[in-house]
Amino acid sequence: RYHVGHLVGAVGGGIFGFLTSTFGRRYRGDVWTNWYRKRTIHGILTLGYMREKLNRENLMSTYPEGSLTGYASGDLAPPEGVEHFRTADGSWNNLADPKEGAAGTRFPRNVDAAVIRPATDEELMDPNPRTVSREFLTRGDEMLEVPFLNLLAASWIQFQNHDWISHGDNITTKLAEIPLDEDDPARIAFGQRNMFVPRTQPDPTRKDKGEPAPTTFVNEVTHWWDGSQIYGSDQATQDRLRLRRHGHLRLTDKGTLPLRDDDVEDSGMVRNWWVGLAMLHTLFAREHNSICDHLAEHHPDWDDDRLFNVARLVNAAVMAKIHSIEWTPAILPNPSLDLGLNSNWYGMLTYRFRKGADRKTVARYNVANPEMGGLVGNKTNKHGTPFGLTEEFVEVYRLHSLLPETLKFRRLGEDEIFREVPFAASRQAGSPVVTDEVGMTDLFYSFGREHPGQLVLNNFPRFMQELSVPGNPVFDMGAVDLLRARERGVPRYNDFREQLGLKRIESFDQLTEDEERAERLHDVYGLSLIHI
């Protein structure tokens with residue numbers, strides 16, 4: 001079976017490579033990519049070509065050549081068990097590069113070092129992030145809904161983000177000052193002349209010489225798809241969350257997450273907490289314990305540590321599967337994308353010729369090719385760069401427009417809304433209050449019935465533009481999102497397009513057929529979008 005799988009993989013891979021290079025290279029028009037406008041198979045080949053091109057040209061380590069990730073020593077001895085189980089901080093997934101993907105290591109980049117240029121104080125305000133937010137993000141009286149999604153999709157992506165990426169606590173002693181326009185509602189209502197934004201933590205591991213990138217930042221959580229939002233990214237957190245019996249995580253007698261001293265649910269990652277996160281953290285903590293019970297039934301000789309570690313592997317794989325072949329095709333419904341993502345997971349042969357329970361992630365004859373046999377169970381290919389989630393990847397997942405202004409609660413099986421609460425009332429310590437009053441069953445049913453917001457201009461949650469934090473009567477997360485990209489050296493629009501293989505634009509009219517919108521872009525940005 002091994003030789004058959006490699007033979008089919010070699011032949012199939014050669015054919016697929018020829019087809020992608022022949023039919024996939026015309027992947028762009030004058031402004032955008034075009035894979036989604038092609039017939040399914042042609043779209044798949046175009047996506048395949050784009051993936052190979054980006055893997056080849058757009059993966060850059062932020063550590064000097066010859067250095068291991070995190071400047072780890074090359075003579076470290078692996079701890080016992082790391083060949084089989086995950087560590088708390090994500091280290092030792094690669095025995096030859098023990099800190100690869102670990103918490104506290106750098107975000108890599110998808111762009112050349114030459115275009116990574118952290119903005120000066122003046123450039124941070126060009127154009128003013130608050131002005132951009134007010135002009136292009138502010139939601140109207142009614143949220144534009146996604147009719148084919150429910151609110152669980154919004155909870156899910158934040159839940160996954162917390163597994164992958166976090167810049168940690170910001171520096172309150174070093175601030176960016178965003179001036180507020182004369183007609184800004186915050187200035188009129190509170191006399192607030194500036195919005196003060198704490199800066200991103202600098203990288204404490206930077207060297208004085210020899211750094212390949214002009215600025216770097218570190219990830220507070222593990223880069224891996226390992227469920228760290230449930231289990232934590234350090235040993236102390238993981239130890240606190242474990243029951244130390246039967247491999248279980250700690251839950252209350254009601255099956256909910258225990259509370260911390262600040263009355264927020266306790267889990268591996270609780271930043272920007274709200275009830276939507278509490279639901280999914282609770283669900284997968286329960287799933288972990290259920291997996292442990294199933295394992296114990298079949299392996300009564302396994303101790304607490306082994307049950308915990310194997311259950312974590314299974315739980316993380318379940319989350320990866322849901323995201324890969326359920327969440328992503330749901331939020332981006334397209335036949336080519338659906339086939340491509342399922343082929344990534346199962347392999348195109350299994351996905352095409354097996355149905356239901358006969359469709360295995362790793363087939364009996366494992367075809368040694370990522371397209372034909374799937375990425376899961378095949379040889380790892382890092383394309384010459386140590387694994388890590390990139391700074392540009394962080395920018396892709398700013399999806400706040402999915403969130404509604406209020407949460408609408410229904411009883412299981414009923415249409416009538418029995419309660420509606422402002423989103424803010426479900427945040428932080430408000431989360432367990434809502435959970436206790438509504439109950440998990442009705443929460444999941446309610447989220448399944450409520451639609452999220454469209455990812456379009458002027459549909460950003462108003463409550464996120466009107467947050468109140470110490471030092472700021474009004475704190476606009478839309479403006480902060482814009483500032484963060486500039487602060488962290490993410491290239492401006494045209495440079496970013498060019499780095500991703502797209503043509504530079506010469507006019508705002510190329511971006512939209514809406515003349516009024518193009519004029520608004522020009523009024524706010526001037527020439528900075530095009531030339532910076």
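This is a short selection-by-selection tour of a predicted model.

**Stop 1: H9 and H16**

Select helix H9, residues 275-298, and helix H16, residues 440-449. Their axes come within 11 Å and cross at roughly 120°. That makes H9 oblique to H16. The crossing of H9 and H16 is left-handed.

Now show side chains. On the H9 side, pick Val275, Gly276, Ala278, Met279, Leu280, Thr282, Leu283 and Arg286. They meet Met440, Leu443, Phe444 and Phe447 in H16. Colour this contact by class: nine residues are nonpolar, two are polar and one is charged.

**Stop 2: H5 against H9**

Keep H9 on screen and add helix H5, residues 152-164. The axes of H5 and H9 come within 9 Å and cross at roughly 70°. That makes H5 roughly perpendicular to H9. The crossing of H5 and H9 is right-handed.

From H5, select Leu152, Ser155, Trp156, Gln158, Phe159 and His162. Their partners in H9 are Gly276, Leu277, Met279, Leu280, His281 and Phe284. What is the class make-up of the contact of H5 with H9? Seven residues are nonpolar, five are polar and none is charged.

Gly276, Met279 and Leu280 of H9 are worth labelling: they are among the residues that meet H16 and among those that meet H5.

**Stop 3: Asn315**

Move to helix H10, residues 304-331, and centre on Asn315. Is Asn315 buried or exposed? Its relative accessible area is 0%, so Asn315 is buried. Show what surrounds this side chain. Leaving out residues up to four places away in sequence, Asn315 touches Tyr231, Phe284, Glu287, His288 and Ile291. Phe284 is also one of the H9 residues that meet H5.

**Stop 4: H15 and its turn into H16**

Select helix H15, residues 430-438. Its buried residues are Gly430, Ser431, Pro432, Val434, Thr435 and Val438. What do the buried residues of H15 pack against? Display H9, strand E3 (406-410), strand E4 (417-422) and H16 to see their partners.

Step just past the end of H15 to Gly439, where phi is positive, about 90°. Then compare the axes of H15 and H16. They come within 7 Å and cross at roughly 100°. H15 and H16 are therefore roughly perpendicular to each other.

For the side chains here, pick Val434, Thr435 and Val438 in H15. They meet Met440, Asp442 and Leu443 in H16. The contact of H15 with H16 holds four nonpolar residues, one polar and one charged. Met440 and Leu443 also appear in the contact of H16 with H9.

**Stop 5: Phe463**

Go to helix H17, residues 462-465, and select Phe463. It counts as buried, at 13% relative accessibility. Setting aside neighbours within four places in sequence, Phe463 is in contact with Leu403, Pro404, Glu405 and Phe423. Draw a C-alpha to C-alpha distance from Phe463 to Met477: it reads 9.3 Å, for a separation of 14 residues in sequence.

**Stop 6: H20, two sides**

Select helix H20, residues 515-525. Which residues of H20 are buried? Ala518, Arg520, Leu521, Val524 and Tyr525 are. Turn the view to look down the axis of H20. The buried residues fall within an arc of 160°, so they line one face of the helix. On the other side of H20, Glu515, Glu519 and Asp523 are exposed. Behind such patterns is a simple rule: an α-helix has 3.6 residues a turn, so residues three or four places apart point the same way.

**Stop 7: backbone details in the loops**

Start with Pro127, in the loop between helix H3 (121-124) and helix H4 (129-136). The peptide bond joining Asp126 and Pro127 is cis, with omega about -10°.

Next, pick Tyr71, in the loop between helix H2 (40-57) and H3. Tyr71 is not a glycine, yet its phi is positive, near 55°. Tyr71 is partly exposed, with a relative accessible area of 24%.

Finish at His246, in the loop between helix H8 (235-241) and H9. His246 also has a positive phi, near 60°, in a residue other than glycine.

Terms used
Residues are numbered from 1 along each chain as its sequence is written. This is a predicted model: local features need pLDDT of at least 70, side-chain atom pairs count only at pLDDT 80 or more; totals for chains, interfaces and linings use all residues. Side-chain values use heavy atoms; hydrogens and water are left out. Axes are lines fitted to C-alpha atoms, for helices over the stretch in contact, and angles run from 0 to 180 degrees between N-to-C directions. Helices (H or I, at least four residues) and strands (E, at least two) are DSSP runs, numbered from the N terminus. Angles under 35 degrees count as roughly parallel, over 145 as roughly antiparallel, 65 to 115 as roughly perpendicular and the rest as oblique. A crossing is left-handed if the near helix is turned anticlockwise from the far one by less than a right angle, and right-handed if clockwise. Contact means heavy atoms within 4.5 Å. Ala, Val, Leu, Ile, Met, Phe, Trp, Tyr, Cys and Pro count as nonpolar, Asp, Glu, Lys and Arg as charged, and the others, Gly among them, as polar. Buried means under 20% relative accessible area, exposed over 50%, partly exposed in between (1.4 Å probe, protein chains only). The arc is that of the directions from the helix axis to the C-beta atoms.
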